[in-house]
Number of protein chains: 2
Amino acid sequence: MGITSHDVARLAGVSQPTVSRALRDDPRVSQATREKVKRAAQALNYVPSEAGRTLSTRATRRVGVIVTDLTNPFYPHVIAPLHDELSSLGYRMMLITERSDEAVAEEKLLDQSMDGVVLATATTDSRLPAQLERRGMPYVFLNRDTGRAGDFASVVDNEGGGRLVARELVALGHRRIAGVFGAANTTTGRERELGFRLALAEAGVGLPESRVVRGAFEYDTGYRALPALLEADEAPTAVFCGNDVVAIGVLNAALAAGVKVPDDLTVIGFDDLPMASWEVFRLTTVRHDLRELSRQAARLLVRRIAKDVDPAGERLVLPTEFVPRATHARAR
Amino acid sequence: MGITSHDVARLAGVSQPTVSRALRDDPRVSQATREKVKRAAQALNYVPSEAGRTLSTRATRRVGVIVTDLTNPFYPHVIAPLHDELSSLGYRMMLITERSDEAVAEEKLLDQSMDGVVLATATTDSRLPAQLERRGMPYVFLNRDTGRAGDFASVVDNEGGGRLVARELVALGHRRIAGVFGAANTTTGRERELGFRLALAEAGVGLPESRVVRGAFEYDTGYRALPALLEADEAPTAVFCGNDVVAIGVLNAALAAGVKVPDDLTVIGFDDLPMASWEVFRLTTVRHDLRELSRQAARLLVRRIAKDVDPAGERLVLPTEFVPRATHARAR
DNA sequence: TTCGCTCGTGAATACGTATGCATCTCATGA
DNA sequence: TCATGAGATGCATACGTATTCACGAGCGAA
């Protein structure tokens, strides 16, 4: 059925090792033999078996990427560039989306079927990093990390981004400000909230718990948060959202509730997904380079696989930038 | 470094084959031995090497999924259920996104590193199916196929869906109708256009080429098509879009151009993505069961791998349903 | 002429698992 | 008591590639 290097060897009239060497351009095979072998391989449509190679070299040239929910619009924008960068580095990508049990993922990860792992949806309370560590499986965090020292991670300056937004809102005269932050067990959620709070406090503006919602970085979180915030005694004049997807949930909820954005309510997101600039949203948000975030993670992982990395951990942080569009205005 | 079945065998005081059998619950090993082996495996944190198993069984329990553009909102909604169904069938998913050369994909596909392939973005002029066929690699089409007999495919009744829309538009009194169809080298593009045209023709309504645009199933296709359609001598009162993503592009363009939907223009999509029901869109569209489409493809592929399939091909077609929301109205 | 070297190739083997076949043990029945 | 057979396990090997080592040819220098 499958054509092996032995078949090629037979046709070319050489030994199997010579085929292996010739096809990988080993300088020790003569020009003439190399060409003869390549012609034979071509003729037979030979493609080396990946399993055989893996067993022999103990390297799979494959990398796993763990994501909980692919239908969240955020993730495709990180997975696509990740795939491309890994591909250009000679690695393939295995997608693993496990919202279920960690044990399953663990089993899949440790069977030597990949050389490394990208964790794109890590939570601060996850046991997975420790498991990987123990088994010597190289891994890096993408976007979120555990916040502990020694991590290998490609992340964004979330705290700085949060600060940017707070300063803008204060400058626009907002005082009754609300936050729909990400889950408390994610560093992205925590750090954006922290930066936002610190900068508000510096300006002497409070952020009472009654105007704070926390939840998954999903559309529904934003969609459901707004009605709750509007019911409070003093409705907010501005909402900072944990990310663009949440902000888009808020914008839709605002439309449903008849709240005018930005006249009645300022809404700010985070990430600057392509969707954020659609006419129906024109979302004011915080931009960072999502492509570079992913590429950086890919390169870091490959370096870690090659053990070409600072043993004390490496945390690559990308800057943020405020992007004014049409969902913010001065407080009335 | 890695723990092998030999290590487990040594610890349990049995032979390696016995470990292999015990861990896979082969009835030929005694209860006592089985337990002894499992304890040893547990103690060593043993996970069977996937490469070794693959080489021995000649099955990878891995399936490739080919998609051109993951950032298109449509695909995550097919990939997620596909992943889950494959997972529950005991297969893992390798994501392959190649907009570049087919040769690359081909190389990756034929190295025996997967048992089968799902083609989610096939075009009618692709050479890939023939290559796979020649090499005996099982594959199925998802959503799009080649339109040729003998295909294994999980698809939607696109022609029927197109008809549904045409009849609705005619019933609403529309006569100046436009279409922003998918690419001509996709069956989804062709069939939806065909059904739409046939039903319009039956009602005696024309669809001049000046009111037709064709392009990739992307946001930009819709966004750029609308201005062009509006410039025509007689602007259309209704537009049928190749899918929801295109329709959303049209809706945004309408907003930018100050065209009121549905008062000035009726817009209809196809697919009923979750996004279609967002407040900002409330898109009238054609629904089909996207999850089932994917699950069906997964099951069909697994059956084809097991050779438990009609050799003449199997084409599983899902029905469509018109979903009225807020982007359609009677013609003025 | 012979030693030693380089260059090119092949033989042997490792990698980790699964499986066909042989072997061994023990119980059963004639 | 011994043949028979079932049940349990080990031995040997296959899978396809990469790599280590050995080998032979050819060549230049002494």
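## Helix packing and DNA surfaces

In chain B, helix H8 (residues 158–171) packs against helix H9 (residues 187–202) at an angle of about 40°, with the axes 7 Å apart. This is a predicted model: local features need pLDDT of at least 70, side-chain atom pairs count only at pLDDT 80 or more, and totals for chains, interfaces and linings use all residues. Residues are numbered from 1 along each chain as its sequence is written, while chains are lettered from A and ligands numbered from 1 in the order in which they are written.

**H8(B) and H9(B)**

- Axes are lines fitted to C-alpha atoms, for helices over the stretch in contact, and angles run from 0 to 180 degrees between N-to-C directions.
- H8(B) and H9(B) are therefore oblique to each other (not under 35 degrees, over 145 or 65 to 115).
- Helices are DSSP runs (H or I, at least four residues), numbered from the N terminus.

**DNA strand D**

- Around strand D there are 24 residues (near means a C-beta atom, placed from the backbone, within 6 Å).
- A:Ser5, A:Pro17, A:Ser49, A:Gly52 and A:Ser56 come nearest to strand D.
- H4(A) gives the most to this surface, five residues.
- The surface near strand D has seven nonpolar, 14 polar and three charged residues (Ala, Val, Leu, Ile, Met, Phe, Trp, Tyr, Cys and Pro are nonpolar; Asp, Glu, Lys and Arg charged; the others, Gly among them, polar).

**DNA strand C**

- Strand C is surrounded by 25 residues, and B:Ser5, B:Pro17, B:Ser49, B:Gly52 and B:Ser56 are the closest.
- H4(B) supplies the largest share of the surface near strand C, five residues.
- That surface has seven nonpolar, 14 polar and four charged residues.

Definitions and conventions: Helix = DSSP H or I, 4+ residues; strand = E, 2+ residues; numbered from the N terminus.
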